[in-house]
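Me: I have a structure here and some terms I don't yet trust. Can we go through them one at a time?

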Amino acid sequence: MHGVAAAPGIAIARAQLVSHATLEVAHYDIAADQVPAELARFDAALATVRSEFEALHERMKGSDAPAEFGAFLDVHWMILTDVQLTNEPKRVIEAQHCNAEWAVTQKMRELVEQFEQFEDAYLRERAHDVVQVVERIVKALMGRPSALPLINPKHATALVAHDISPADAIHFKESAFAAFVTDVGGATSHTAIVARSLGIPAVVALHNARSLIREAEQVIIDGDNGLVIVNPDEHVLTEYMLKQDGQRLDRQKLKRLVSTRAVTLDGAAVDLNANIELPSDSKACLENGADGVGLFRTEFLFMHRDDLPSEDEQFEAYKAAVEGLQGRPVTIRTFDLGADKRMPGLGDRPSDNPALGLRAIRLCLAEPKLFMTQLRAILRASAFGRVRILVPMLANAHEIAQTLGFLARAKAELVAQKIAYDHDVEIGGMIEIPAAVLSLSYFIEHLDFLSIGTNDLIQYTLAIDRTDDAVAHMYDPLHPAVLKLIAQAIRAANKSKTPIAVCGEMAGELRLTRLLLGFGLRNFSMHPAQLLTIKQRILTSNIPECEALANRILRSDDPDSIAASLARLNAL
Ligand code: PEP
Ligand code: MG
């Protein structure tokens with residue numbers, strides 16, 4: 001099956017299907033004297049599923065699975081033991097003389113409808129959990145108890161889903177999942193970004209994976225080529241095992257570069273920073289020799305909960321990241337909530353165009369209490385190391401002025417309360433809207449540093465929803481308009497000696513490293529797993545050669561000639 005390559009690498013695994021589909025079951029009548037037997041059959045199925053959950057709980061105790069899995073399981077357990085599913089279906093069997101599968105799915109539909117009415121997005125999403133639990137009951141009824149491959153330590157498990165929300169994906173951090181496969185999504189959706197940060201392969205936009213792959217079936221996920229091979233034969237399996245070994249060996253070799261400085265052949269030093277989502281990612285930063293954190297996506301800290309994090313809670317998280325980086329700078333981005341990163345009760349009103357709506361800094365400025373709490377927490381963490389504040393999605397002078405006003409107020413409050421913070425903390429803006437590039441002088445004048453978010457810059461330049469698989473093929477980092485905007489921003493910033501980085505996914509794309517060097521970029525920020533690969537490329541690059549071909553590429557509006565020049569650049 002062909003999809004969109006979202007995270008590189010190869011996994012050979014067993015599939016675990018995550019269902020969002022409404023169950024299709026047979027509906028038949030039973031004779032009145034068969035009702036007790038049907039009730040007993042239903043009870044037996046419930047008992048089977050209950051013991052499956054208990055076994056899973058036991059297995060988790062001994063494993064180093066993250067606590068979130070426990071929470072995940074608890075929700076399912078609560079649903080399973082709710083009278084709506086344990087008793088109500090029996091009333092249906094008794095009243096309608098119908099089969100147990102039909103009775104339980106009827107009740108499921110009612111429950112799902114109730115969940116879908118909730119205003120709270122988190123609760124609304126739990127409708128999926130209801131479906132998953134009922135699916136287990138139906139499987140048990142049909143004499144096919146689930147294989148339960150969830151975090152089975154014996155073999156690698158690939159998660160196969162119609163879609164995975166960024167909030168769910170972050171839950172799988174440090175889990176035993178070997179790969180993600182989804183029917184929908186784009187390569188720079190936040191779900192894909194999390195998969196990359198986990199260092200596991202992912203293929204998205206497969207369209208029919210969920211219906212074509214069967215539970216526990218063997219799959220090869222080729223995240224380099226966007227391929228999923230189902231039930232491979234011996235020959236293909238051997239070939240991929242060899243490839244996997246080769247990749248492992250390459251990764252080991254790269255480890256030698258951890259403490260090597262990233263300097264081009266002609267002596268230009270390059271800063272290589274990491275993108276993180278959780279304070280615990282600091283470990284991966286150090287293991288891969290990051291110079292610091294160029295982007296801490298703080299919004300991921302607080303997904304999957306229905307209240308807002310307190311100042312103290314945030315402070316502890318930011319401080320943990322700062323301390324984890326052991327003196328290296330940590331660029332903390334203020335909440336980029338909204339669009340595909342939803343938080344219950346916050347900017348969560350339905351919107352036809354969420355990516356163009358109340359997102360990121362717009363949401364923060366509309367919710368001053370939320371913004372002030374975060375700014376105070378970040379400032380307090382700045383007393384413990386080198387902190388920089390980065391603001392997402394700035395588009396105009398008014399937003400910059402308002403942001404700086406809030407920051408000044410947060411500082412004044414801390415001064416009045418005699419709470420320590422770094423008085424020299426730098427504030428930077430993300431350049432991810434074409435309008436920002438085209439009015440960059442104001443950004444340069446009022447901010448200490450800039451960071452180009454290419455994921456959104458591409459989305460907003462080309463009018464391509466980065467999460468929509470239907471247009472994923474048109475999402476093109478090499479579109480001449482995108483390249484011109486990036487080069488223009490880098491050159492303007494360099495000219496005024498304003499530090500500028502790229503922290504979008506383009507920074508971690510090997511085929512683009514020399515092009516960005518040629519545009520004048522000397523600061524890259526990417527998921528930690530990619531740092532050493534990019535460093536190796538920098539070590540073998542020569543700036544004048546990069547500049548010459550980058551200029552040629554910038555002069556062209558023809559995709560074929562851009563591709564040809566890029567190929568030449570990478571063959572140097
Ligand atoms: C970007 O848009 O490139 C970026 C780094 O921010 P995010 O991916 O979190 O939107
Ligand atoms: Mg962005």
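**Ligand 1 and its surroundings**

Reply: Start with the ligand, and remember that this model is predicted. There are 17 residues around ligand 1, and Arg297, Arg333, Gly453, Asn455 and Arg466 come nearest.

Me: What makes a residue count as being around ligand 1?

Reply: One of its heavy atoms must lie within 4 Å of the molecule. The 17 residues pass that test, so they form the shell.

Me: Why is the pair between Arg333 and ligand 1 called a polar contact?

Reply: The cut-off is 3.5 Å between N or O atoms. A polar side-chain atom of Arg333 lies 2.8 Å from an oxygen atom of ligand 1. That is within the limit, so the pair counts.

Me: Which other residues pass, Arg466 and Thr454?

Reply: Arg466 has a polar side-chain atom 2.7 Å from a ligand 1 oxygen. For Thr454, a polar backbone atom is 3.0 Å from an oxygen of ligand 1. Both values are within 3.5 Å, so both pairs are polar contacts.

Me: How much of ligand 1 does the protein bury?

Reply: Taken alone, ligand 1 exposes 290 Å², and 100% of that is buried by the protein.

Me: What space does ligand 1 take?

Reply: Ligand 1 takes the space of the second largest cavity. To sit there, more than half of its atoms must lie within 2 Å of the grid points.

Me: Why is that space called a cavity?

Reply: Because a 1.4 Å probe fits there but cannot get out. The search finds 2 cavities of 30 Å³ or more. The second largest has a volume of about 60 Å³. Of its 16 lining residues, Arg297, Arg333, Met430, Glu432 and Asn455 are closest to the centre.

Me: Which element gives the most to the lining?

Reply: α19 does, with 3 residues. α19 also gives the most to the shell around ligand 1, again 3 residues.

Me: What kinds of residue make up that lining?

Reply: It divides into 3 nonpolar, 5 polar and 8 charged. Arg counts as charged, so Arg297 and Arg333 belong to that last group.

Terms used. Residues are numbered from 1 along each chain as its sequence is written. Chains are lettered from A and ligands numbered from 1 in the order in which they are written. This is a predicted model: local features need pLDDT of at least 70, side-chain atom pairs count only at pLDDT 80 or more; totals for chains, interfaces and linings use all residues. Side-chain values use heavy atoms; hydrogens and water are left out. On a 1 Å grid over the protein atoms alone, a cavity is a set of points where a 1.4 Å probe fits but cannot get out, and a pocket is an open set with protein on both sides within 12 Å along at least five of seven lines; lining residues have an atom within 4 Å of a point. Grid points are joined across faces, edges and corners, and a volume is the space filled by probe spheres set on the points. Helices (H or I, at least four residues) and strands (E, at least two) are DSSP runs, numbered from the N terminus. A polar contact is a pair of N or O atoms within 3.5 Å; within protein, one must be able to donate a hydrogen and the other to accept it, and residues adjacent in sequence count only if both atoms are side-chain atoms. Accessible areas come from the Shrake-Rupley method with a 1.4 Å probe; for residues, only the protein chains shown count as cover.
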